[in-house]
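Trainee: Before I rely on the terms used for this protein, I would like to see how each one is justified. Please take me through them.

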Amino acid sequence: MTSDHFVNRHIGPRESDTAEMCATIGVDSPDQLIGQTVPASIRLDRPLNLPAAMSEYEYLAHLRELGRMNKQYRSFIGQGYYGVAVPPVIIRNVLENPAWYTSYTPYQAEISQGRLEALLNFQTMVSGLTGMDIANASLLDEATAAAEAMIMMFNARSRDKVKAGANQFFVDNQVFKQTRDVLVTRAEPLGIDIRFSEYTEIEPDERLFGVLVQFPAANGEVRDYRDMIERVHAAGALVGVGADLMSLTLLTPPGEWGADIVFGSNQRFGLPMSYGGPHAGFFATRDELKRNMPGRIIGVSVDVHGNQALRMALQTREQHIKRERATSNICTAQALLATMSGMYAQYHGPEGLKSIARHIYSTACTLATALKTLGYTIKHEQFFDTIRVQAVTGVTAEMIEKIALGKGINLWYPCANCAVISTDEITTLKEINEIIDIFAVAAGKKAEVVTELCDCFCVDSKFHRTSAFMQERTFNSYHSETDMMRYIKMLERKDFSLANGMIPLGSCTMKLNPAASMFAMSWPEFGNIHPFVPAEQAGGYHKLMEELGEALKEITGFEGVSFQPNSGAAGEYSGLMVIRQYHLSRNEGHRNVALIPSSAHGTNPASAAMAGMKVVVVECDINGNISVDDLRKKATEYRDNLSAAMITYPSTHGVFEEAIVEMIDIVHDNGGLVYMDGANMNAQVGLTSPGHIGADVCHLNLHKTFAIPHGGGGPGMGPILCNSKLAEFLPSHPIVRTGGSHGITAVAAAPFGSAHILTISHAYVMMLGAEGLTRSTVYAILNANYIAASLGDMFKVLYTGTNKRCAHEMILDCRGFKDAGVDESDIAKRLMDYGFHAPTLSFPVHGTLMVEPTESEPKAELDRFIDAMKNIWGEIEEIRKGEADRDDNVLHNAPHTAEAVVSDSWSHPYARQKAAFPLPWIAENKFWPSVGRVDNGYGDRNLVCTCAPVDAYRFEKLNFESE
């Protein structure tokens, strides 16, 4: 049956709509449109060579087979990854709920109050547990958070330290191995000299700017770092601590013993191991360092009515604005995972978390006691969840491992005669006895059966936490499933997602996230796999990555692939580091100049700066295209030191530039390589490819082109693909074999990044197949040109190609409305009253809106958006003609909340119906913004980034919404 083909479910317009859309555009067919849009010189001369498309039913059967190839061994490996019990109320109502996973980063605060509150809860949780003043709304993982901490300390050096050339950074040997590897990657291009040793051996001097330690240490030891921190601070340096959040419910938090930065992973808070991710990294610091902190921060502000409203704070720190001067290239965070972790904390509350932590400690303590009776030595007496077991004479780690694998158990073996065991919240007495039996058999002894857990907390009292945490009402109100479910639903109702309507954000590709692609996210066959298990235990993952990798190589025209980068910005950085390593291998390490167009996304120059490159900006011409003359001039000028050019294609201006091959040839002729930013790959798939065009490496935003949801600001995935001469330099990993034969050191904590969400892109590719992927690209371009043609008489499309066509997105010029006192922000906010998320605001050109409808939006939705924009144009005309007040009008006062519309004090010169229901169809499915226009300046001037404590409230529980 035709309906069995997934492509017909994925693409929005029906075949019967196509003729009318083409007529509006002025073409006879979609093929003619593509011929007018994509330069013939770069078109592929054959279809993609991919397996036949599967139906949804066929794909799910295939996925089950892959899941069965993953062996469900019980892992006690630890090293940053642990077994968890994810609360079903969170799985069902958040992870599996499109209202949560299809929303975008909350730049439009008025229609994002639900997830902003959830992220504020997360920040409050992290601040309280770590004992720090302020936390951000998540980072990518623990290892990259450590790297961000190192760079933050480097940038926060005093003037005296900078003058002294302080570039030494001390890292303790008992920091997780994967973290150390990522630190090496990030440090080298910035000239940071990392010293690895034992923390007790540090001798601070004027050359030292920072220190990084783990708490508890990777070997499980709970250490007293106070004396070391005092000596480091006395030398004018800073200290970062990688911490286990769960342990901090029982152990004194780093903020109370002098840490300047505390970071780590939230995996333990309700996130499956997922073969390495996605997980939320956390990051907290002292108040005086807040403006150096990377990542997004949620803050409290007020709306136009004086009501409390949340928003993203201190956004001027972001790479979108600072570009190569940014302290970080962070763009995507892990918002959905941070939301889940925060809700995990809310569901359990402080006492529940302490109970979980005590169980974890008790299981580790019980094991330690039992193994001692068998003659084994426990290396460290002070531990939380991890014990290092030294083997008895005649017993080796290899012997222990063989017996353990026979029982379906994984332990960690850091040396030839020892094993490390990490317990978790789901560890049972049965499992403890199985582990004890493993060591008993290895030693040739009979173990006594353990019938109860240790009931003491035997860690030295100097480490005991005495301070309270998570006393805020939000962490002490929702401990029944009913309460938690209703709280989640209350937040959900405040947010706009793809479940509500189109999100036409340019450069963001907010397409359908197919339901069939999301099932594996809650399947234990994929969730319960530790990233460091032997490869044969993850056969399903490896087969899936092989199938997806081969498809992506065919789609991009490249020969090598790495799934390690866990965001688009991380992919950019990784690609540039691969280019850097290529030049180094040829004794051309002096090549450090990156040519970047002025139109580029802010992450491009920020990533180049992080890779140690000097950014040289290439201008654009009056048509918005990269100036070939300026590119040639600067490539020639810097030819001796040219490393790379970063080019987005189609351009960030939404145009297929005709001169792309010429530009690539110019870069190659002057000794550089070409990095193609994959942000706009949704307009390339099946029609052309980076490899075919001549680029050397690209990254793909799987959370754009290949259907991974945006999750309210993450997770994302940014694999890189490259040609054969760069493949040998693809990222390696210190624990799991991956990458090229001369690969750069790791760029993420896990060897395959956020492996679990690769199942989503795998589903997307396998269900669409070659023809479906190509049709999706065609309809993405068709939908965009349909909107452009429909609005062209009222909203000028700023840039188009030679034949006056845009690619998959367009920039609408709003600067001509200033005579009416209206700007692009007013139009964006007014669209909320019509039931639409705003397009991308003032990027890449100030005073504009960038619109990208994607292939998934039906014609009916496109028509509603067109009607809304035309009606808004009419409202602007009313102001111009004097028919509407220049100041008190529907645009300046947008968005209108239900509370404002029903208020007895309505004083505006326009009708309430015009405010809330400007077109008849809006009443059928009205989305009400929960707050009025937010005052951004107030929030930055009065920075508050945590929930209020209990004593700040004057409301009873039933009025908690008033919070």
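**Terms and the values behind them**

Mentor: The crossing of α2 and α26 is left-handed. Keep in mind that this is a predicted model.

Trainee: What makes a crossing such as that of α2 and α26 left-handed?

Mentor: The test is the turn of the near helix relative to the far one: anticlockwise by less than a right angle counts as left-handed. The crossing of α2 with α26 falls in that class.

Trainee: Why are α2 and α26 called oblique to each other?

Mentor: Helix α2 covers residues 15–25 and helix α26 covers residues 758–791, and they pack at about 45 degrees with axes 9 Å apart. Roughly parallel needs an angle under 35 degrees, and roughly perpendicular runs from 65 to 115. An angle of about 45 degrees meets neither condition, so α2 and α26 are oblique.

Trainee: Which residues of α2 and α26 meet?

Mentor: From α2 they are Glu-15, Thr-18, Met-21, Cys-22, Thr-24 and Ile-25. From α26 they are Arg-775, Tyr-779, Leu-782, Asn-783, Asn-785, Tyr-786, Ala-789 and Ser-790. By class, this contact has 7 nonpolar, 5 polar and 2 charged residues.

Trainee: How do you know that α19 and α26 are oblique too?

Mentor: Helix α19, residues 539–556, packs against α26 at about 45 degrees, with the axes 10 Å apart. That angle is neither under 35 degrees nor in the 65 to 115 range, and α19 and α26 are therefore oblique. Their crossing is left-handed. On the α19 side the contact uses Leu-544, Met-545, Glu-547, Leu-548, Ala-551 and Ile-555. On the α26 side it uses Leu-758, Thr-759, Ser-761, His-762, Val-765, Met-766 and Leu-773. These residues divide into 9 nonpolar, 3 polar and 1 charged.

Trainee: Why does Val-7 count as buried?

Mentor: The cut-off for buried is under 20% relative accessible area. Val-7 has 9%, so it counts as buried. Val-7 lies in helix α1, residues 7–10. Not counting residues up to four places away in sequence, Val-7 touches Leu-768, Gly-772 and Arg-775.

Trainee: What puts Ala-143 in the buried class?

Mentor: Its relative accessible area is 0%, which is under the 20% limit. Ala-143 belongs to helix α8, residues 142–155. Leaving aside neighbours within four places in sequence, Ala-143 is in contact with Gln-178, Thr-179, Val-182, Ala-748 and Ala-749.

Trainee: Asn-889 is in a loop. Why is Asn-889 called buried?

Mentor: The position, between α28 (859–880) and α29 (898–901), does not enter the test. Asn-889 has 2% relative accessibility and so counts as buried. Beyond its neighbours within four places in sequence, Asn-889 is in contact with Ile-879 and Tyr-910.

Trainee: What share of the 963 residues is buried?

Mentor: Buried residues make up 65% of them.

Trainee: What is the secondary structure of the protein, and how do you know that it is as compact as a globular protein of that length?

Mentor: There are 31 helices and 25 strands. The radius of gyration is 28 Å, and the globule rule gives 30 Å for 963 residues. The two values are close, so the protein is as compact as a globular protein of that length. Along the principal axes, the C-alpha atoms fill a box of roughly 90 × 70 × 70 Å.

Technical notes
Residues numbered from 1 in each chain as written. Predicted model: local features only at pLDDT ≥ 70, side-chain atom pairs only at ≥ 80, totals over all residues. Heavy atoms only, no water. Axes fitted to C-alpha atoms, helices over the stretch in contact; angles between N-to-C directions. Helix = DSSP H or I, 4+ residues; strand = E, 2+ residues; numbered from the N terminus. Parallel < 35°, antiparallel > 145°, perpendicular 65-115°, else oblique. Contact = heavy atoms within 4.5 Å. Nonpolar A, V, L, I, M, F, W, Y, C, P; charged D, E, K, R; others polar. Buried < 20%, exposed > 50% of the residue type's maximum accessible area, 1.4 Å probe, protein only. Rg over C-alpha atoms; globule rule 2.2 N^0.38 Å.
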